[in-house]
Amino acid sequence: MSRSDDVLKVHRLVHAGGSTALLEWLASHLGGWVGVVDAEAEHGPAPEAAVRGAAELGARGVRSAVLHGADRATLLFALDGRRVLAAVLEQPHHPGAPALLADAAVPLDLVLRAEEAGRREERVRRAEAQVREAVLHLLMNGQLSTAHQISATLGPELPDPMRMYVVECPPGRRGEVMRICRELTGGRAWIVRCPVYVRHLIVLAPPDPAAVPATGDPLAEALVAAAPECAVGVSGEAGLSEAPAAYTQAFHALAVARASGDGHARFGPGPELALAAYEAGVRWAEALLAPLHAHAPRRPQDPGAQELRATAHAWLNFTSRATRLLKIHRNTLTARLRLIEALLGLDLARLADQAALSLALRLTSETGAGAGPGAGAGAGTGDDASGAAPGLDDVLRDPRLTDWARTHLSALTGPDAPPGARDTVRAWLAHDAQLLPAAAALGVSVPGVRKRLTRIEALLERSLLQSPSARHDLWLAHRAEDLAGCHKPQKG
């Protein structure tokens, strides 16, 4: 090949494959070792002759040199202040090697600089994504002041009030959908890649000041119009302090959006369990969680009360995927759950105990204010003569909880409910929300139960099969209804 052909080849390789492709071709073409020796880092293991030669080139302050050995020659070309293109070739070497390496030095230097800038940009992008995720964690844990301080360094300001959107993107398109979200919101929304679901984006956007229809949402409609393969769940309007509830609402709305022809849905109206249960249940919740809030780790590396509470909340919402949210190993998650069970006297394999813990966490703060140091109580215990905290059944007997349960379950027996909807849900809950034993109890296949529950998700406007799931609230609603003696078995 002529020198002009070699130069053309060099430029094509730089554009197509970057520095690695060019160095590999030079090594193959010249029949020796070719690489970049860097004072701070090396492109692969460099021969001693190349390292020694690069140091000598720098010491002499020259731009190029050839060092001859007994059977090898080392050709050196300075790229910038710290990098050297080196070739270690057997004697006699390719006659065109010096010219080819000189021609390759300039484009190689440029592409190395571009690659380094790209790596810096990627590190900045990852760091920003991690900071945004950290802000989301702070919001979910009620640490609003710290969340505001950190978010102010990145912008935009966290919207308060806001609506939360959970956007389910096609595989590999989260970055593109993030760009569309920024454009549609004029850069006013706080957008985070979901740390649990790799196809989800979480968007906190200020409410549209214009009149909004009862069930629609202008941003969700525009987003689905711009990215038709997306599905969008939208929460009700909420303050930042209500971020955990807003996320749950948006996630339940996403389950409806998947099944709708519009591709988007807003969380349906309905009473919130925590509001209905607060007055009757806060003393029970504080007593149940008192051992957890009072827990002091024996060693500095052991989890404290706040970490255990965050672990419980993450696991109840995301089950095994909580490891992604908490950034811990699955064995660490298992060990923390065993400790929580021991502290609270619960069996978290049972849906009943999961539901009790879920409600208690929603009714209390991280500080556990008001909980006495020895006030621990089992999930189902009642009042005693000493005035101890009520049990969960006592809470669920409150008329406000009975009314909430009736409203929460009314869709299962309404005119749009498929035959046997209530009994399907009851069987599923009675078997700790496990499909296999529920299918056996109902005498149908596992896919049949899954199909029934998918239809019931659209009916309830709540997610059942994917976490965060409404299974805990459904269990509590059925228990409240049973305690009130108002359930009648459904036929069909």
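**From paired strands to a buried helical face**

Valine 166 stands opposite glycine 233 in strand β8. This pair offers a way into the structure, which is a predicted model. Strand β5, residues 163-168, is joined to β8 by four bridges, and the two strands run antiparallel. On β8 the partner changes to strand β9 (residues 264-266), joined to β8 by three bridges in a parallel arrangement. There, valine 232 stands opposite histidine 264 of β9. Both senses of pairing fall under one general rule: the strands of a sheet pair through backbone hydrogen bonds, either parallel or antiparallel. The side chains of β8, which spans residues 231-234, are divided between two directions: Ala231 and Gly233 point one way, Val232 and Val234 point the other way, and all are buried.

These strands belong to a chain whose secondary structure comprises 18 helices and nine strands. Of the 492 residues in the protein chain, 47% are buried. Among contacts with a separation of 6 or more, 65% are made by residues 24 or more positions apart.

Towards the beginning of the numbering, four strands form an open sheet in the order β1-β4-β3-β2, with antiparallel pairing. Its edges are β1 (33-38) and β2 (64-68), each of which pairs on one side only. From one strand to the next, the twist averages 20 degrees. At the β2 edge, β2 and strand β3 (residues 72-78) are paired in the antiparallel sense over five bridges, and valine 66 stands opposite leucine 75 of β3. Helix α1, residues 3-30, packs on this sheet and touches β1 and β4 (83-90), its direction making about 140 degrees with that of β1. Helix α2, residues 48-60, also packs on the sheet; α2 touches β1, β2, β3 and β4, and its direction makes about 45 degrees with that of β3.

Aspartate 71 and arginine 72 form a salt bridge, with their closest N and O atoms 3.8 Å apart. Both partners are partly exposed: aspartate 71 has a relative accessible area of 45%, and arginine 72 one of 40%. This pair is one of 29 salt bridges found in a search of the whole structure.

Further along the chain, helix α14 (residues 399-409) carries a set of buried residues: Leu401, Thr402, Trp404, Ala405, His408 and Leu409. Viewed down the axis of α14, the buried residues fall within an arc of 160 degrees, so they line one face of the helix. The general geometry of helices offers a background to such a pattern: an α-helix has 3.6 residues a turn, so residues three or four places apart point the same way. The buried residues of α14 pack against α8 (273-293), α13, α15, α17 (446-460) and α18. At the start of α14, a side-chain oxygen of aspartate 398 comes to within 2.8 Å of the backbone nitrogen of arginine 400.

Histidine 408 shows this packing at the level of a single residue. Histidine 408 lies in helix α14 and is buried, with a relative accessible area of 14%. Apart from its neighbours within four places in sequence, histidine 408 is in contact with Leu460, Arg462, Asp473, Leu474 and Ala477.

Helix α18 also takes part in salt bridges to other helices. Arginine 479 forms a salt bridge with aspartate 393, the closest N and O atoms being 2.6 Å apart. This pair links distant parts of the chain, with arginine 479 in α18 (residues 471-484) and aspartate 393 in α13 (residues 392-396), 86 residues apart. The two partners differ in exposure: arginine 479 is partly exposed at 28% relative accessibility, whereas aspartate 393 is buried at 16%.

A second salt bridge from α18 joins the side chains of glutamate 481 and arginine 426, at 3.5 Å from N to O. Because glutamate 481 lies in α18 and arginine 426 in α15 (residues 421-430), the pair ties together parts that are 55 residues apart in sequence. Glutamate 481 is buried, its relative accessible area being 6%. Elsewhere, salt bridges that share partners join Arg82, Arg83, Glu116 and Arg120 into one network.

Methods:
Residues are numbered from 1 along each chain as its sequence is written. This is a predicted model: local features need pLDDT of at least 70, side-chain atom pairs count only at pLDDT 80 or more; totals for chains, interfaces and linings use all residues. Side-chain values use heavy atoms; hydrogens and water are left out. A salt bridge is a side-chain nitrogen of Lys or Arg within 4 Å of a carboxyl oxygen of Asp or Glu. Buried means under 20% relative accessible area, exposed over 50%, partly exposed in between (1.4 Å probe, protein chains only). The arc is that of the directions from the helix axis to the C-beta atoms. Contact means heavy atoms within 4.5 Å. A polar contact is a pair of N or O atoms within 3.5 Å; within protein, one must be able to donate a hydrogen and the other to accept it, and residues adjacent in sequence count only if both atoms are side-chain atoms. Two strands pair if DSSP finds at least two bridges between them. Axes are lines fitted to C-alpha atoms, for helices over the stretch in contact, and angles run from 0 to 180 degrees between N-to-C directions.
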